[in-house]
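Subject: Structure for you to look at

Hello,

Here is the structure I said I would pass on. My notes on it follow below the coordinates.

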Amino acid sequence: MVNFKWNQKRALEVAKEDGISIGEARGEVRGKLIGERNAMMKVALSLLKKGLPVGVITDSTNLLLEEVRKIAKDNGLAF
């Protein structure tokens, strides 16, 4: 038979540690996604400046047409 004594203080500490670990993991994933998106937006701007067709840019960056249009507009580029 297992002798188990409930320790509420320790249980709360473990739950807090678990919550922090989960939050950190989610933050890392979110940060990575944001970083990748920002990188693709920079690539799209570079390709727009080189005059590549919009279809090539959207295919290459996985950005939506509307997003590429906004990047062009925000940077004073003709679309």
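Confidence first, since this is a predicted model. Among the elements of the protein, mean pLDDT is lowest for α1, at 95, and highest for α3, at 97. Over the whole protein the average pLDDT is 93, and 96% of the residues score at least 70.

Overall layout

The protein has 3 helices and 0 strands, and along the sequence the pattern reads α-α-α. With a radius of gyration of 23 Å, well over the 12 Å that the globule rule gives for 79 residues, the protein is more spread out than a compact globule. The C-alpha trace spans about 75 × 25 × 15 Å along its principal axes.

Of the 79 residues, 14% are buried. The protein exposes about 6,600 Å², and 58% of that comes from carbon and sulfur atoms. If one takes the contacts between residues at least 6 apart in sequence, 32% of them join residues at least 24 apart.

Helix α1

Helix α1 runs over residues 8–49, which is 42 residues. From first C-alpha to last, α1 reaches 61 Å, close to the 62 Å expected at 1.5 Å a residue. A pair within the helix gives another distance: Lys32 and Val14 are 18 residues apart in sequence, and their C-alpha atoms are 27 Å apart in space. Lys32 sits in α1 and counts as exposed because its relative accessibility is 55%, with the cut-off for exposed at over 50%.

Both ends of the helix have a local feature to check. At the start of α1, a side-chain oxygen of Asn7 comes to within 3.2 Å of the backbone nitrogen of Lys9. Just after α1, Gly51 has a positive phi of about 80°.

Which residues of α1 are buried? They are Ala44, Leu45, Leu47 and Leu48. Their cover includes α2 (54–61) and α3 (65–74). As general background to such spacings, an α-helix has 3.6 residues a turn, so residues three or four places apart point the same way.

Helix α2 and the loop after it

Thr58 is part of helix α2. Is Thr58 buried or exposed? Thr58 counts as buried because its relative accessibility is 16%, and the cut-off for buried is under 20%. The Thr58 side chain reaches the backbone oxygen of Gly55 at 3.0 Å. Neighbours within four places in sequence aside, Thr58 is in contact with Leu63, Leu64, Leu65 and Val68. Of these contacts, Leu65 and Val68 fall within the residue range of α3, 65–74.

Asn62 lies in the loop between α2 and α3. Asn62 has a positive phi of about 60°, although it is not a glycine. Asn62 is also exposed, with a relative accessible area of 70%.

To look at first

If you open the model in a viewer, I would start with these places:

- the buried residues of α1, namely Ala44, Leu45, Leu47 and Leu48, with α2 and α3 as part of their cover;
- Thr58, for its side-chain reach to the backbone oxygen of Gly55 and its contacts with Leu63, Leu64, Leu65 and Val68;
- the two positive phi values, about 80° at Gly51 and about 60° at Asn62.

Regards

Key. Residues are numbered from 1 along each chain as its sequence is written. Side-chain values use heavy atoms; hydrogens and water are left out. Helices (H or I, at least four residues) and strands (E, at least two) are DSSP runs, numbered from the N terminus. The expected span of a helix is 1.5 Å times one less than its number of residues. Buried means under 20% relative accessible area, exposed over 50%, partly exposed in between (1.4 Å probe, protein chains only). Contact means heavy atoms within 4.5 Å. A polar contact is a pair of N or O atoms within 3.5 Å; within protein, one must be able to donate a hydrogen and the other to accept it, and residues adjacent in sequence count only if both atoms are side-chain atoms. The radius of gyration is taken over C-alpha atoms; the globule rule is 2.2 Å times the number of residues to the power 0.38. Accessible areas come from the Shrake-Rupley method with a 1.4 Å probe; for residues, only the protein chains shown count as cover. pLDDT is the predictor's confidence in each residue, from 0 to 100.
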